[in-house]
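Here is a short report on one protein chain, meant to be read beside the sequence and the model. It starts with a contact between two side chains and works outward to the sheet and the helices.

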Amino acid sequence: MNLDITIEDRDWKSIANLRKFTRRAIAAAVGKDDVSVSVLFTGDSQILELNRQWRGKANPTNVLSFPVSAGIPVPKDEPRPLGDIVMAFGTIVNEAKAQNKPVANHISHLIVHGTLHLLGYDHETNAEAESMEAREIAILAGLGIEDPYKS
């Protein structure tokens, strides 16, 4: 797996082993080595602009995913690009605290969530949400992280 990680917001440097568990979470979600994913760790103001530009939403969000079309040609022996994941520090840390979850577990969950979006999963309908959440729960269990949807 080819993983390009950019840490744009210095607050992310406070998260121990960020690169290691990012790689682990994405690998668990994709289950194969012949892909390429880019992850941008940024702040709320930057993700707010992206959310406004690409989704027409006037608020920051925790994670955005930008999938690459599965139909693009890829040279032989090159990893298939899946797309980009963007993570917002403030929103994610505040959610973890509000939900009484370890920050690293919440980050891992959102990396898995974003990766599943790159793979075509969505949660626009109840059926899609149930399918995606079940997949997330299974992947996270394999990483030793408890069900993030459990109350």
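The side chains of R52 and E49 form a salt bridge, with N and O 2.9 Å apart. A salt bridge here is a side-chain nitrogen of Lys or Arg within 4 Å of a carboxyl oxygen of Asp or Glu. The model is predicted: local features need pLDDT of at least 70, side-chain atom pairs count only at pLDDT 80 or more, and totals for chains, interfaces and linings use all residues. Residues are numbered from 1 along each chain as its sequence is written, and side-chain values use heavy atoms, with hydrogens and water left out.

**Salt bridges**

R52 and E49 both sit in helix α2. They are three residues apart, about one turn of the helix. Helices (H or I, at least four residues) and strands (E, at least two) are DSSP runs, numbered from the N terminus. R52 counts as partly exposed because its relative accessibility is 40%. E49 counts as partly exposed too, at 42%. The cut-offs are under 20% relative accessible area for buried and over 50% for exposed, with partly exposed in between (1.4 Å probe, protein chains only).

The structure holds two salt bridges. K150 and E146 form one of them, their closest N and O atoms being 3.9 Å apart. Both K150 and E146 are exposed.

**The sheet**

In what order do the four strands of the open sheet lie? The order is β1-β2-β4-β3, and the pairing is mixed. Strands pair if DSSP finds at least two bridges between them. The edge strands are β1 (2–7) and β3 (63–67), each pairing on one side only. Neighbouring strands are turned by 15 degrees against each other on average, direction ignored. Axes are lines fitted to C-alpha atoms, for helices over the stretch in contact, and angles run from 0 to 180 degrees between N-to-C directions.

The pairings are listed here.

| Strands | Direction | Bridges | Opposite residues |
|---|---|---|---|
| β1 and β2 | parallel | six | L3 and V37 |
| β2 and β4 | parallel | eight | V37 and G83 |
| β3 and β4 | antiparallel | five | S65 and I85 |

V37 stands opposite L3 of β1 and is also the bridge partner of G83 in β4. Between β3 and β4, L64 has V86 as its bridge partner. Strand β2 is largely enclosed by the rest of the structure, because six of its eight residues are buried.

**Helices on the sheet**

Helix α2 (residues 44–55) lies across β2 (35–42), β3 and β4. It runs at about 50 degrees to β3. Helix α4 (residues 103–118) also packs on the sheet, touching β2, β3 and β4. The direction of α4 makes about 140 degrees with that of β4. Contact means heavy atoms within 4.5 Å.

How many of the 16 residues of α4 are buried? The count is 13, and α4 is mostly covered. The 16 residues of α4 should span 22 Å at 1.5 Å a residue, and its end C-alpha atoms are 23 Å apart, which agrees. The expected span is 1.5 Å times one less than the number of residues. After α4 comes G120, with a positive phi near 105 degrees.

**Helix α1**

Helix α1 (residues 18–30) has 13 residues, which should span 18 Å; its end C-alpha atoms are 18 Å apart, in agreement. Its buried residues include L18, F21, T22, A25, I26, A29 and V30. Seen down the axis of α1, the buried residues fall within an arc of 160 degrees, so they line one face of the helix. The arc is that of the directions from the helix axis to the C-beta atoms. What covers these residues includes β1, β2, β4, α4 and α5 (126–142). G31 follows α1, and its phi is positive, near 65 degrees.

**M132 in helix α5**

M132 is found in helix α5. Is M132 buried or exposed? M132 counts as buried because its relative accessibility is 1%. Leaving aside neighbours within four places in sequence, M132 is in contact with H113, L116, H117, Y121, D122 and H123. M132 and G144 are 12 residues apart in sequence, and their C-alpha atoms are 18 Å apart in space.
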